[in-house]
Amino acid sequence: MKGKKDKGPSVKKPIFKKWWFWVIIVVILAAIIGSGGENENEALSTTDDPSTSTSTPQASDTQTDGAQGESNSEFDNINFVVRNVRNDVTGNWRIATIAESIETQNYALDYYNKYFEGDDEIHAIVNFTYNTTSKISVMGNLLDVTIYEYVDKEEHDAKLLFSGMVLDEYFIDIDSGEILNAQETTSTKEVSPDSFVADVKDVIQGAISSKDESITDVVLQNSNLCVYVDFSEKDPAPLTLEDLALARTSSITDAILELKDYDSLWETITVDFGATGHITNSKENMETNGAGRYFPADDFKLE
């Protein structure tokens with residue numbers, strides 16, 4: 001009987017040829033891929049959620065249409081959006097619109113402290129609840145608050161702003177917060193022809209050129225205030241002396257009309273330019289806009 005053939009010593013298979021090795025590898029890879037997918041989904045979910053986003057919004061997302069230089073915040077339970085005024089040639093006018101049952105005097109001083117960037121600014125607050133437009137401006141240590149009747153769409157154009165009828169005016173002491181009406185602020189001021197003439201001479205000095213021009217006299221007689229101007233030595237080229245007379249009348253009368261305390265003393269104001277002629281304006285022709293009181297230049301007649 002033949003014996004079995006000796007096959008020699010057995011050889012073990014390498015580990016990577018074992019079936020269970022590849023099963024383990026597949027399980028490990030599946031775990032790694034699954035974990036990576038969850039992390040990616042979590043990252044995408046965090047980025048897509050607005051409540052968790054840390055990105056800074058662009059200016060176009062927060063800017064109101066048509067507004068320039070805006071700021072928007074809650075202030076004393078009123079949402080003020082302060083912006084520039086369209087067609088404002090001064091660059092100093094600002095406007096805000098609200099619809100609240102609250103009087104301007106209850107927040108005017110706080111509004112000034114928060115929103116005014118300079119005392120040369122004039123702010124308008126349109127209140128659609130009351131149909132009023134409040135003008136806030138600075139006079140020394142006082143806030144001048146003037147309430148106008150609202151004019152349709154005046155908030156869109158500086159040419160319409162403050163063109164409504166004046167309903168009320170009062171002043172607020174910036175230091176103390178005390179509210180004074182217009183009569184109280186002028187009740188202690190001396191109102192006499194002499195003080196009127198003295199104040200006129202003072203306020204109109206800046207209304208003319210210091211070169212080749214001078215105010216020679218100011219006279220109040222029979223309710224006519226007459227200002228005498230000498231510019232006979234002046235060469236206004238390329239303008240004429242007549243053109244210069246119209247310009248000087250506007251600047252001189254604008255300054256005089258700021259002296260509201262003396263309204264009872266005059267009915268007409270004449271600016272006399274000697275040989276060039278004179279221009280007379282009547283109180284009844286006086287008009288008011290956001291910059292104050294004035295005589296319309298179209299009414300000037302050199303005689």
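Against which elements do the buried residues of α5 pack?

1. The buried residues of helix α5 pack against strands β9 (214–221) and β10 (224–230) and against helix α6 (241–256). Helix α5 itself covers residues 193–203, and its buried residues are Ser 195, Phe 196, Val 197 and Val 200. Here buried means under 20% relative accessible area, exposed means over 50%, and partly exposed lies in between, with a 1.4 Å probe and protein chains only. Helices (H or I, at least four residues) and strands (E, at least two) are DSSP runs numbered from the N terminus.

2. A word on the basis of this note: the model is predicted, with local features needing pLDDT of at least 70 and side-chain atom pairs counting only at pLDDT 80 or more, while totals for chains, interfaces and linings use all residues. Residues are numbered from 1 along each chain as its sequence is written, and side-chain values use heavy atoms, with hydrogens and water left out.

3. The structure holds six salt bridges, a salt bridge being a side-chain nitrogen of Lys or Arg within 4 Å of a carboxyl oxygen of Asp or Glu. One of them joins Glu 169 to Lys 260, with the closest N and O atoms 4.0 Å apart. Because Glu 169 lies in strand β7 (residues 166–173) and Lys 260 in the loop between α6 and β11 (268–272), this pair ties together parts that are 91 residues apart in sequence. Glu 169 is buried, with a relative accessible area of 19%, whereas Lys 260 is partly exposed, with a relative accessible area of 40%.

4. Glu 213 deserves a point of its own. The side chain of Glu 213 meets that of Lys 234 in a salt bridge of 3.5 Å, N to O, and this pair links distant parts of the chain, with Glu 213 in the loop between α5 and β9 and Lys 234 in the loop between β10 and α6, 21 residues apart. Glu 213 also meets Arg 248 in a salt bridge, at 2.7 Å from N to O, and here the partner lies in helix α6, 35 residues apart from Glu 213. Salt bridges that share partners thus join Glu 213, Lys 234 and Arg 248 into one network. Glu 213 and Lys 234 are buried, and Arg 248 is buried as well.

5. At the surface, Asp 212, Asp 230, Glu 233 and Asp 235 form a negative patch. Patches are made of residues with over 30% relative accessible area and no salt bridge, where like charges are joined within 9 Å and nonpolar side chains (Val, Leu, Ile, Met, Phe, Trp, Tyr) within 5 Å. Of this patch, Asp 235 is placed in the loop between β10 and α6, and Asp 235 is exposed, with a relative accessible area of 62%.

6. Strand β5 (residues 132–139) includes Ser 134, which is buried with a relative accessible area of 1%. Leaving aside neighbours within four places in sequence, Ser 134 is in contact with Thr 104, His 123, Ala 124, Ile 125, Thr 146, Ile 147 and Phe 162, where contact means heavy atoms within 4.5 Å. The C-alpha atoms of Ser 134 and Ala 124 are separated by 5.5 Å, although these residues are 10 residues apart along the chain.

7. Ser 137 is also placed in strand β5, and at 11% relative accessibility Ser 137 counts as buried. With neighbours within four places in sequence left aside, Ser 137 is in contact with Glu 121, Ile 122, Leu 142, Leu 143 and Asp 144.

Note on methods: Accessible areas come from the Shrake-Rupley method with a 1.4 Å probe; for residues, only the protein chains shown count as cover. Lys and Arg count as positive and Asp and Glu as negative; His and the chain ends are not counted. The place of a charge is taken as NZ of Lys, CZ of Arg, CG of Asp or CD of Glu.
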